[in-house]
Amino acid sequence: MIYILINLVPILVATAIGLMLGAAYHVAVGRGRVATSAIVVAALGLFWFASILAGALILAPPKAAPWIMAVGSAVVIWAGFVLPVVAVTQRYHGAAARRIAADSLFWLGTMVAQAVAMKLIGLVPPPV
């Protein structure tokens, strides 16, 4: 996982973007104050999301244009992992379909924004 250290700046920028989008989303849906511990957990989670996404972007085979691969990787990870987990977990806890859809779309937007930011900054593959 040396690639995380090598790409710490783009990953931290992507994490900050995720936190800003999360704060804006939280205000938009009017959910009230957030505990500091929740912000810390969100920051750690968004850092890990950005780290895994960076790894996917570094390893993505050049089968299409670089920007298609960058955004496409975020969408595929979201559709394959994030969407099902959000939908199943929230439905299990009784969330309405509208909330599940809104939260799922928030995560899609966050992952695409993170991918775009890291692609713009540039990622460096680990040494072989």
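## How the helices pack

Helix α2 crosses helix α3 in a right-handed sense; that word applies when the near helix is turned clockwise from the far one by less than a right angle, and left-handed when anticlockwise. Before going further, please note that this is a predicted model, in which local features need pLDDT of at least 70 and side-chain atom pairs count only at pLDDT 80 or more, while totals for chains, interfaces and linings use all residues. Residues are numbered from 1 along each chain as its sequence is written, and side-chain values use heavy atoms, with hydrogens and water left out.

**α2 with α3**

Helix α2 covers residues 8-28 and helix α3 covers residues 36-59; their axes lie 8 Å apart and make an angle of about 130°. That angle makes α2 oblique to α3. Helices here are DSSP runs (H or I, at least four residues; strands are E, at least two), numbered from the N terminus. Axes are lines fitted to C-alpha atoms, for helices over the stretch in contact, with angles from 0 to 180 degrees between N-to-C directions. Under 35 degrees is roughly parallel, over 145 roughly antiparallel, 65 to 115 roughly perpendicular, and the rest oblique.

On the α2 side, the meeting residues are L8, I11, L12, A14, T15, G18 and L19, and on the α3 side they are I39, A42, A43, L46, F47, A50, S51 and A54. Contact means heavy atoms within 4.5 Å. The residues of this contact comprise twelve nonpolar, three polar and no charged. Nonpolar covers Ala, Val, Leu, Ile, Met, Phe, Trp, Tyr, Cys and Pro; charged covers Asp, Glu, Lys and Arg; the others, Gly among them, are polar.

**α3 with α4**

Next along the chain, α3 and helix α4 (residues 66-92) have axes that come within 10 Å and cross at roughly 125°. This pair is therefore oblique as well, α3 to α4. The crossing of α3 past α4 is right-handed. From α3 come F49, L53, A56 and L57, which meet M69, A70, S73, A74, I77 and V82 of α4. Sorted by class, the α3 and α4 contact has nine nonpolar, one polar and no charged residues.

**α2 with α5**

The axes of α2 and α5 are 9 Å apart, and the angle between the two helices is about 150°. The two helices are therefore roughly antiparallel to each other. Their crossing is right-handed. From α2, this contact uses P10, I11, V13, A14, T15, I17, G18, L21, G22 and Y25; from α5, it uses A102, D103, F106, G109, T110, A113, Q114, A117, M118 and I121. In the contact of α2 with α5 there are 13 nonpolar, six polar and one charged residues.

**The core**

Which residues touch the most other members of the largest nonpolar core? They are I11, L53, L57, M111 and M118, out of 17 residues in that core. At least two core residues come from each of α1 (2-6), α2, α3, α4 and α5 (97-121). The largest share belongs to α4, with six residues. A nonpolar core is a set of buried Ala, Val, Leu, Ile, Met, Phe, Trp, Tyr and Cys residues joined through side-chain atoms within 4.5 Å. Looking at I11 itself, and leaving aside neighbours within four places in sequence, its contacts are I4, F47, A50, S51, A54 and M118.

**A few residues up close**

The table sorts five positions by burial, where buried means under 20% relative accessible area, exposed over 50%, and partly exposed in between (1.4 Å probe, protein chains only).

| Residue | Helix | Relative accessible area | Class |
|---|---|---|---|
| S73 | α4 | 12% | buried |
| P84 | α4 | 33% | partly exposed |
| S104 | α5 | 3% | buried |
| G109 | α5 | 36% | partly exposed |
| V116 | α5 | 27% | partly exposed |

Each contact list below leaves out neighbours within four places in sequence. S73 is in contact with L53, L57, A60 and I68. S104, for its part, has W78, L83 and V86 as contacts. P84 touches W78 and A79, while V116 touches W67 and V71.

Some C-alpha distances help to place these residues. V116 and I77 are 39 residues apart along the chain and separated by 14 Å. P84 is 29 residues from G55 in sequence and 21 Å from it in space. For G109 and A35, the separation is 74 residues in sequence and 23 Å in space.
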